[in-house]
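Open the structure in your viewer and keep the selection tool at hand. The tour goes through cavities and then aromatic rings.

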Amino acid sequence: MVKVHYFFDPLCGWCYGATPLIDVLVNTTGFEVAFHPGGMIPRLPIEPAFRQHILQADDRIASETHMPFGQVYKDRVLSKDELILDSYLTTRAFLVGVDMGIAPHVMLKSIQQAHYVNCAKLDEIAALRNLAMSLALDLNEWDCGIELSEPKLYQALEASHTLMKEYEISGYPSVIAEIGDELKRLPISAYYGNVPGWEAYLKQLK
């Protein structure tokens, strides 16, 4: 069994673009994947000057990875309405969902789709509660989990940052495999939009 460490952020566009590749990795026999959230964006209002940069990056991600970005999402980024991004709150939702039995890659994908496709306002507790409802989670347990999740968030972020420093990596997504006594960085970005190539790469890696 090859242990793989996946370093991600729920609101990282390139992590969203890597979704099909992570799905393949998780579902390939012989790999055990540990998910490590990074906390890329503490709660932050996005200034108008930066919004065009976001859309340009999204266009590149869509071109290279073939992942969809919803028109409502694009319109919201371009609008004059307030736009707040919050990796910390979405990571808390990720951790609570996993604790409640949702597979990590499924929980992450649900958050990413809610943000990039459905334009949910994931800086709001209510939007995340709707996401939990769509996953058929017990809402009382969810509400309690979210309320108590902040300490676990900081523990998870600290653990991720410690590992990233140890592995001498930065940025998301990053994928590190333990192969024997060695660490190998998997070139996930080289396979954006190329699921068959990624599948072949993983088969020869084992």
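This predicted model contains two cavities of 30 Å³ or more.

Begin with the largest cavity, which encloses about 50 Å³ of space. To see its lining, select Leu11, Arg76, Ile84, Leu85, Asp86, Thr90, His115, Ala120, Lys121, Leu122 and Asp123. Colour that selection by class: five residues are nonpolar, two are polar and four are charged.

Clear the selection and go to the second largest cavity, with a volume of about 40 Å³. Its lining consists of Tyr6, Thr19, Ile22, Asp23, His105, Leu108, Lys109 and Gln112. Which helix gives the most to this lining? Show α2 (19–27) and α6 (104–116), since each supplies at least two of the lining residues. The largest contribution is that of α6, with four residues. By class, this lining has three nonpolar, three polar and two charged residues.

Next come the aromatic rings. The model has 16 aromatic pairs. For one of them, select phenylalanine 8 and phenylalanine 35: the ring centres are 6.0 Å apart and the planes stand at 70°, so the pair counts as edge-to-face, the cut-off for that being over 60 degrees. Now show the strands. Phenylalanine 8 is in strand β1 (residues 2–8) and phenylalanine 35 in strand β2 (residues 31–37), so this pair ties together parts that lie 27 residues apart in sequence. Phenylalanine 8 and phenylalanine 35 are both buried.

Finally, add Tyr6 and Phe94 to Phe8 and Phe35; ring pairs link these residues into a cluster. Tyr6 was already on the tour, in the lining of the second largest cavity.

Conventions
Residues numbered from 1 in each chain as written. Predicted model: local features only at pLDDT ≥ 70, side-chain atom pairs only at ≥ 80, totals over all residues. Heavy atoms only, no water. 1 Å grid on protein atoms, 1.4 Å probe; cavity = no way out; pocket = protein on both sides within 12 Å on 5 of 7 lines; lining within 4 Å. Points joined across faces, edges and corners; volume = space filled by probe spheres on them. Nonpolar A, V, L, I, M, F, W, Y, C, P; charged D, E, K, R; others polar. Phe/Tyr/Trp six-rings, centres within 6.5 Å; stacked < 30°, edge-to-face > 60°. Buried < 20%, exposed > 50% of the residue type's maximum accessible area, 1.4 Å probe, protein only.
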